[in-house]
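Student: I have a protein model open on my screen, and I would like to learn how to read it. Could you walk me through it?

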Amino acid sequence: MKSVLKHIIAKNKKEESDYKLARQAEIENPKTTDARRDFLKKTALGGIAMTGMMGLGIEDTIAQTTSKVSRMSAPSDLKITDMRYALTSVMGGTAIIKIETNQGIYGLGEVRDAADVRYALFLKSRILGENPCNVEKIFKSIKQFGGPARQAGGVCGVEMALWDICGKAYNVPAWQLLGGRYRDKVRMYADTPEASSPEEQKRLIEYRTKEQGYTWLKMDVSIGELRGKPGTVVNGKFWENDRGVLAQWGDRRNMMSYGNTMHPFTQIQITEKGLDELAQIVENVRNMVGYEIPISTDHYGHFDLNNGIRLAKKLDKYRLAWFEDMVPWQYHEQWKTITQAIETPTTTGEDIYLLNDFKPLIENRSVDIIHPDLASSGGLLETKRIGDYAEEYGIAMAMHQAGTPVSFMSNVHCAAATQNFLALEHHSVDLPWWEDLVTTVGGFKMIDKGFATVPLTAPGLGIELNEDVVKEHLHPSDKSFFKSTKEWDELRSHDRTYS
């Protein structure tokens, strides 16, 4: 018995020594942020080794073990004290939020790409003073203020930051708090923008597959490619802007523009010549890539399900990974019609908020794959719930992501914890500074040969901001960088949704 105990003591002593050395190395690392360094110092254990406990009773042992634990690190005593933001230039203006606590621990979240940061600031008065580790409780109190697409950005950004804090407080990765992991690395698909020529398209593809190591790609098959080609589109001229373009994202303030008109209501059609032109684009890419790499497609244009089916049937022979967002997600019966009419898998979901609005698509098997964006779908836990629900119906989950490394790593943790996951989008492959916006805790490589690394020991999301790089890439419209937001502190309404 004594020999067994001595072995355990020796093992624990070595682990404790290794942990102290790793912790000290991180403190001394010049890349470690001041906030992280302060947190490591405050939460350091007193270093009582098990060897000093020989012959002690259980009460004495517990007293010895906890005698030098900083009470400032007790998760049960955590309180949210502040929320601030920095607006990066990623995707036209993507805000990173920082939720701070009374113990020096802070969490990072992100308001979805190009969404207004005020979606998050609006929630500040509703979370101040709360224990950030009560993630689900806080989420239930604020989820009423989210909505489809970017309207969900505030709620989801807060939820991400809460898991980051909670993981740091308990010193475990976020995936562990979601129930554990299924994988140590997460497969990614690289979004490939439309190119001006086949040569340029080949350059973009080879950069992704040969240099970066991606094993899954996505491309647009847009009627925008038919611009200037007579006889390819019916009724397109009516919808063109003053530059002669079918501007898919349109004028935000003109609700009658092409970009703001839902697909069934344009009466745009594609001719046989137009279908042949689009098929040739896909054939060119398939010939460049081969058949070992899946190719997903997106952004076709605003036309109805009949033309969507015609296009899909024309492209079925190229064995594409999926057709994405052919009609708005709200039309789940139309989605079912499309899915039943074609061979290629279908997917939608990047603008859906919460599990409840995924249910009609899943329960009716309207799509073959669901495609939530974690920064819109409800954050880490809700997105895992969405994936788990789809799994019960034999439906897989891919994940849309077009933000900073903060939402990226949130997706990585969720994907690691969800069994029916396929691949995660990376939308910033061509931004050389994108990965440098953060440093990884412990120095793991965030992206390696087309796969995201699941941090096995780094707490929370496993990243810290590289503040110098973030400052270099702030959006021109707002250079404030985590300034005070005290004007958002006061709660001015009663938010209960029932009488």
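Tutor: We will go from the whole protein to its empty spaces, and then to a few single residues. This is a predicted model, in which local features need pLDDT of at least 70 and side-chain atom pairs count only at pLDDT 80 or more, while totals for chains, interfaces and linings use all residues. Residues are numbered from 1 along each chain as its sequence is written, and side-chain values use heavy atoms, with hydrogens and water left out.

Student: How many helices and strands are there in the protein?

Tutor: Helices (H or I, at least four residues) and strands (E, at least two) are DSSP runs, numbered from the N terminus. Here the protein has 17 helices and 17 strands.

Student: What share of the residues counts as buried?

Tutor: Buried means under 20% relative accessible area, exposed means over 50%, and partly exposed lies in between, with a 1.4 Å probe and protein chains only. Of the protein's 499 residues, 53% are buried. Its accessible surface (Shrake-Rupley method, 1.4 Å probe; for residues, only the protein chains shown count as cover) is about 22,900 Å², and carbon and sulfur atoms hold 50% of that.

Student: Now the empty spaces. What is the volume of the largest pocket?

Tutor: Rolling a probe the size of a water molecule over the atoms shows where empty space is left. On a 1 Å grid over the protein atoms alone, a cavity is a set of points where a 1.4 Å probe fits but cannot get out; a pocket is an open set with protein on both sides within 12 Å along at least five of seven lines, and lining residues have an atom within 4 Å of a point. Grid points are joined across faces, edges and corners, and a volume is the space filled by probe spheres set on the points. In this model the largest pocket has about 1,600 Å³. It is lined by 44 residues, and A149, R150, W249, G259 and D351 are the closest to its centre.

Student: Which domains give at least three residues each to that lining?

Tutor: They are domain 2 (80-177 + 484-488) and domain 3 (185-464), with bounds from an automatic or database domain assignment. Strands β4 (185-192) and β5 (217-220) each supply at least two residues of this lining.

Student: And how many cavities of 30 Å³ or more does the structure hold?

Tutor: There are 2 of them, and the largest cavity has about 50 Å³ of space. Its lining consists of T192, Q201, I205, L217, K218, M219, V285 and I295. Two or more of these residues come from each of α9 (198-211) and β5, and β5 gives the most, with 3 residues.

Student: Let me try one residue. Is A174 buried or exposed?

Tutor: A174 sits in helix α8 (residues 174-177), and it is buried because its relative accessible area is 0%. Contact means heavy atoms within 4.5 Å. Beyond its neighbours within four places in sequence, A174 is in contact with L380, H413, G460 and L461. A174 and L456 are 282 residues apart in sequence, yet 9.8 Å apart in space, C-alpha to C-alpha.

Student: Where is A114 found?

Tutor: A114 is in the loop between β3 (106-111) and α4 (118-121). Its phi is near 65 degrees, a positive value in a residue other than glycine. A114 is partly exposed, at 45% relative accessible area.
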